[in-house]
Amino acid sequence: MNDVVEAEWIEETTPFERVYEVISRVYDPLSAAQIAERARVSSTTARKHLRTLESAGEVTTSQDGQTTHYRRSETAIVTEHAQSLLAERTPEEIASGIADMKAQIQAWREEYGVDSPEEFARELDIDDADSDHGALLTEWQTTRRNLALAQATLAIGEVSQTGHLTGTDTDDDGNGDTSVVV
């Protein structure tokens, strides 16, 4: 970052916004001092804002000796991806994608006679990720992860609109129907 851009960034943002921006862009745990340096704030200020973000569920911590490391929480990352997906797609398109992913997972289950990609890997003793079966294993795991994200996205979108969570299911079997007021 050049000096002019840095000066504008500091002038146009609060210390909290800079700390939040830094922690939002990193996936590896960082110390408060590292975050402070990148956010152009003191370590004390960074710690104060990081504690606030931790209380809000945006940040998680881990200890490395005497040093506390901070990183974005998995919940914050999923929520961000879900909001991005909601901005790009309609709930109907997301629901259609969920149905397609469930159908694909069911087809793999039936074709290979296993319930999960982990069982598939054990059954076939897949060692080579570059093999055809290794590629399928990766695709199955990715599809399952995308399915979970799409389901979370629909739930977040529904809660945003109604204040109620009406889950259609928590797994990829399509069973279940619960309603929870949140």
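**Helix H5 and its surroundings**

Reader: Which residues are buried in H5?

Author: The model under discussion is a predicted one. A residue counts as buried when its relative accessible area is under 20%. In H5, the residues that are buried are Ala76, Ile77, Ala82 and Leu85.

Reader: Against which elements do the buried residues of H5 pack?

Author: Packing is judged here by contact, that is, by heavy atoms within 4.5 Å. The partners of the buried residues of H5 include strand E3, which spans 67-72. The full set of elements that these buried residues pack against is E3, H6 and H8.

Reader: What distance does helix H5 reach from its first C-alpha to its last?

Author: Helix H5 covers residues 74-88 and has 15 residues. At 1.5 Å a residue, the expected value is 21 Å, and the helix comes close to it. From first C-alpha to last, helix H5 reaches 21 Å.

Reader: Is Gln83 buried, partly exposed or exposed?

Author: Gln83 belongs to helix H5. Its C-alpha atom is separated by 9.8 Å from that of Leu154, although the two residues are 71 residues apart along the chain. The class between buried and exposed runs from 20% to 50% relative accessible area. Because its relative accessible area is 48%, Gln83 is partly exposed.

Reader: Which helix gives the most residues to the lining of the second largest pocket?

Author: The second largest pocket holds about 170 Å³ of space. Two helices, H6 (91-112) and H8 (132-162), each supply at least two residues of its lining. With four residues, the helix that gives the most is H6.

Reader: How many residues in the lining of the second largest pocket are nonpolar?

Author: The lining consists of Leu85, Arg89, Glu93, Ile94, Gly97, Met101, Asn146, Leu149 and Ala150. Leu85 is also one of the buried residues of H5. Of the lining residues, two are polar and two are charged. The number that are nonpolar is five.

Reader: What is the relative accessible area of Gln106?

Author: Gln106 lies in helix H6. Ser116 is ten residues away along the chain, and the C-alpha atoms of the two are separated by 9.8 Å. Gln106 is classed as partly exposed because its relative accessible area is 34%.

Reader: Which strands stand at the edges of the open sheet of three strands?

Author: The sheet has the order E1-E3-E2, and its pairing is antiparallel. An edge strand has a single partner strand, so one of its sides is left without a neighbour in the sheet. The strands in this position are E1 (30-31) and E2 (59-64).

Reader: How many bridges join E2 and E3?

Author: E1 and E3 pair in the antiparallel sense over two bridges, with Leu30 opposite Tyr70. In the pairing of E2 and E3, Thr60 stands opposite Arg71, and Ser62 stands opposite His69. E2 and E3 also pair in the antiparallel sense, and their number of bridges is six.

Reader: Which residue takes a positive phi in the hairpin of E2 and E3?

Author: The hairpin has two residues between its strands. The positive phi in this hairpin is near 70°. The residue that takes it is Gly65.

Reader: Where in the chain is Arg40 found?

Author: Arg40 has a phi near 60°, a positive value in a residue other than glycine. At 34% relative accessibility, Arg40 is partly exposed. Arg40 is found in the loop between helix H3 (32-39) and helix H4 (43-55).

Reader: What part of the 182 residues in the chain is buried?

Author: The chain has eight helices and five strands. From the N terminus on, these elements run α-α-β-α-α-β-β-α-α-α-α-β-β. Among contacts with a separation of 6 or more, 48% join residues 24 or more positions apart. Of the 182 residues in the chain, the buried part is 30%.

Terms used: Residues are numbered from 1 along each chain as its sequence is written. This is a predicted model: local features need pLDDT of at least 70, side-chain atom pairs count only at pLDDT 80 or more; totals for chains, interfaces and linings use all residues. Side-chain values use heavy atoms; hydrogens and water are left out. On a 1 Å grid over the protein atoms alone, a cavity is a set of points where a 1.4 Å probe fits but cannot get out, and a pocket is an open set with protein on both sides within 12 Å along at least five of seven lines; lining residues have an atom within 4 Å of a point. Grid points are joined across faces, edges and corners, and a volume is the space filled by probe spheres set on the points. Ala, Val, Leu, Ile, Met, Phe, Trp, Tyr, Cys and Pro count as nonpolar, Asp, Glu, Lys and Arg as charged, and the others, Gly among them, as polar. The expected span of a helix is 1.5 Å times one less than its number of residues. Buried means under 20% relative accessible area, exposed over 50%, partly exposed in between (1.4 Å probe, protein chains only). Two strands pair if DSSP finds at least two bridges between them.
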